[in-house]
Amino acid sequence: MGISDAELIVLDAFEDFEYVRRRVQISLTDTSETMHADTYVWSDAEDPDLYGEWDFEEWKRVHMKDFLTMTLGFMDGLERPEPKTRVETYQSFMHEHEQPESGTQVES
């Protein structure tokens with residue numbers, strides 16, 4: 001509620017091609033009132049990781065710090081003349097964090 005068209009453009013860019021924005025009907029738990037809402041749905045319905053249990057507390061512990069860092073990079077990138085998509089930002093972020101620190105040797 002209250003999201004501008006410009007903000008939707010940013011959200012669409014953030015979700016990139018991996019998600020599809022869909023309008024769904026929701027029911028509010030406190031009043032049972034129904035309304036329409038936009039939601040982002042994973043675009044690959046055949047992805048085996050899409051189904052099953054998801055533990056938010058585990059995600060927070062394992063992934064949230066990197067997700068927030070990547071998100072800040074995406075937001076900074078929006079201000080550049082040629083902004084990166086979220087997927088490009090994520091790939092760049094992961095590439096930087098997978099590289100061994102300088103001065104360390106990688107065993108083969």
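Tutor: A contact means that heavy atoms lie within 4.5 Å. Keep that in mind as we look at this predicted model.

Student: What share of contacts between residues at least 6 apart in sequence join residues at least 24 apart?

Tutor: In this chain, that share is 37%.

Student: How many helices and strands are there, and what pattern do they follow?

Tutor: The chain has three helices and two strands. Going along the sequence, you meet them as α-β-β-α-α.

Student: Why is α1 called oblique to α2?

Tutor: Good one! Two packed helices are described by the angle between their axes and the distance between the axes. Here, the axes of α1 (residues 5-15) and α2 (residues 56-78) cross at roughly 125 degrees and come within 11 Å. Roughly perpendicular covers 65 to 115 degrees, and roughly antiparallel needs over 145. An angle of roughly 125 degrees fits neither range, so α1 counts as oblique to α2.

Student: Is that crossing left-handed or right-handed?

Tutor: The crossing of α1 and α2 is right-handed.

Student: Which residues meet there, and what classes do they belong to?

Tutor: From α1 come Val10, Ala13 and Phe14, which meet Phe67, Met70, Thr71, Phe74, Met75 and Leu78 of α2. By class, this contact has eight nonpolar residues, one polar and no charged ones. Val, Ala, Phe, Met and Leu count as nonpolar. Thr is not on the nonpolar or charged list, so Thr71 is the polar one.

Student: What makes a residue buried, and what percentage of the chain is buried?

Tutor: Buried means under 20% relative accessible area. Of the 108 residues in the chain, 12% are buried.

Definitions and conventions. Residues are numbered from 1 along each chain as its sequence is written. This is a predicted model: local features need pLDDT of at least 70, side-chain atom pairs count only at pLDDT 80 or more; totals for chains, interfaces and linings use all residues. Side-chain values use heavy atoms; hydrogens and water are left out. Helices (H or I, at least four residues) and strands (E, at least two) are DSSP runs, numbered from the N terminus. Buried means under 20% relative accessible area, exposed over 50%, partly exposed in between (1.4 Å probe, protein chains only). Axes are lines fitted to C-alpha atoms, for helices over the stretch in contact, and angles run from 0 to 180 degrees between N-to-C directions. Angles under 35 degrees count as roughly parallel, over 145 as roughly antiparallel, 65 to 115 as roughly perpendicular and the rest as oblique. A crossing is left-handed if the near helix is turned anticlockwise from the far one by less than a right angle, and right-handed if clockwise.
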